[in-house]
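I'm opening a fresh notebook page for this one. Short entries, in the order I looked things up.

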Amino acid sequence: MKRNIPLIIVFLAGLVVFASEFIPHRPFSQINETLERWFMIISGFAMFLGQVSLLRVNGAKIKNKVKDWPYYLAGMISFALMLIFGLLWGMEKTDGILGDGASIQAWLGLKPFDYLFENVYQHLSATMFALLAFYIASAAYRAFIIRSFESNLLMITAVIVILGRSSFGTMLTGWIPNNLPLLHLPNLTDFIMEFPNSAAQRAIMISAALGIVGSSLRIILGIERSYLGGDK
Amino acid sequence: MSISPQTERRIIYLVLFLAVLLPLLFPIGWRTESSPHVRMAHKLVEQSPAGSVAIVSFDYDPASMTELQPMAVAMIDHAWSKGHKVIATALWPQGPQLADQAFRALSEKYPEKQYGVDYVNLGYKVGGMVTIQAMGRSLVEVYPTDTGGTALNQIPMLAKVNTLRDIAYISSLSSGDPGIKQWVMAAHDMYNVPVTGGTTAISAPGFIPYINSQNQLIGLLGGLKAAAEYEGLIGMENGSATAKMDSQSVAHLLILIFIAIGNYKVWRNKRIKRTQDLKEEI
């Protein structure tokens, strides 16, 4: 029974949502709307659960002093600081428990939460993403090697797109007459993106959609039960 | 002389760092031509009548703001210059703060624009596509208040905006899921609202199939170059994307040089090996 009730709920919910796509009238549309409201509420709780999970997982790692535990501690301290500042003085237009912190705002220029967001988190986050450029440069040096017909094709395409996506590419072929549009690197890049790329992307999207339909049916029909927490 | 892979990597990192830094300090001023997809997005905003209400959705976080924030600023600038009213929403938690920053960046250029009259920040809502579907039925149900806690019916510019159908166009600036795809699937496909947007250069190829004869997506800004192109189209001479394009172009060029060196190295090693093999055979 403990196992069958969730399976019945999933089957009925799946069936109603599925039916409402084809019969957008009462009662299906109404039930669907209610389910959507529930989904938004549950999603809100999922964020709260995520935070609890963050505290539990990181707390255990710090307690057991696993390898690199000071980094987990730094993460926890950062989390706590943002939470405390947000709760005490709010963020942007929202006030916190102690009001809007006018005196602190006069000193920092912003509320403490916003100050940390704009001057610390934002830059650290952008820096982490920017580090990818270094890995890409290093990987391009080692990986884009002409070995076979396919790798040759990949490299030629990559070179055209890299040049076409830079101002240098525009300048490089800017002197070519406009009646030869495909010889302009930006145009050639757009052509590659719009036709060969789109064709491949569509194939991937359709395959993925079919895969989603298949796995959704497996869940609705109770064949796929891993979301229940394993097969025990 | 042989260089160890670690030293090689360090040299690559150092040269790339300089290639990014130097054009920022000493701009080259290379020009960019606008691409058809950028012109499509520009045309959508350009042709919407004055007084239209648009949604700019901030579906990204600070990690990708280098590419997407200039797009947000340029699109809001364009919308305001055409007399449109802008609603900022976010499907990502950090979006509302980035929306406020974008409005703040334009406050000097448009001192007459008032909060609640010309723009509003409705903040973040969890739920992705389901949230957009719900906005199609009732905006106030999803967003009872703005980020400051003001009730929606107290905000003058939203007096006639009840659902997504009252929106002239939506621009989703997205760096992942949820983002453009969800806006296309829910707002356009279900409620027929024109959707445009911008994304990181790396994600752009995945959205191009949506630019089709059904106009699921009207144009797309892919990466910093597209942001610079949009800035060029609206005559934003000192735009941040335009300023960064030289750095990106030099970095791209450098990566091509690295690819060429890598290939030369492999070819040379192969040749040496072949010569050694021949010598051994003899």
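**Notes on chain B**

I started with a crossover: β2(B), helix α4 (residues 95–106) of chain B and β3(B) form a β-α-β unit, and that unit is right-handed. I should jot down that this is a predicted model.

Next I looked at how those two strands meet. β2(B) pairs with strand β3 (residues 119–124) of chain B in the parallel sense, over 5 bridges. I picked out one facing pair there, Ala88(B) opposite Asn121(B) in β3(B).

Then I checked another partner of β2(B). Strand β1 (residues 53–59) of chain B runs parallel to β2(B), and 5 bridges join them. To get from β1(B) to β2(B), the chain goes through helix α3 (residues 65–81) of chain B, and I noted this β-α-β crossover as right-handed. Here I found Val53(B) standing opposite Lys85(B) in β2(B).

Is β2(B) enclosed or open? I found 6 of the 6 residues of the strand (residues 85–90) buried, so it is largely enclosed by the rest of the structure. I also sorted its side chains by direction. Lys85(B), Ile87(B) and Thr89(B) point one way, while Val86(B), Ala88(B) and Ala90(B) point the other way, and all are buried. That fits what I know of strands: in a regular one, side chains alternate between the two faces of the sheet.

Last, I zoomed out to the domains. For chain B, the domain assignment gives domain 1 as 5–26 + 246–281 and domain 2 as 36–236. I noted 41 Å between the centres of domain 1 of chain B and domain 2 of chain B, taken over C-alpha atoms.

Note on methods
Residues are numbered from 1 along each chain as its sequence is written. Chains are lettered from A and ligands numbered from 1 in the order in which they are written. This is a predicted model: local features need pLDDT of at least 70, side-chain atom pairs count only at pLDDT 80 or more; totals for chains, interfaces and linings use all residues. Domain bounds come from an automatic or database domain assignment. A residue is buried if 20 or more other C-beta atoms lie within 10 Å of its own, exposed if 12 or fewer, and partly exposed in between; C-beta atoms are placed from the backbone. Helices (H or I, at least four residues) and strands (E, at least two) are DSSP runs, numbered from the N terminus. Two strands pair if DSSP finds at least two bridges between them. A crossover is right-handed if, with the strands pointing away from the viewer, the path from the first strand over the helix to the second runs clockwise.
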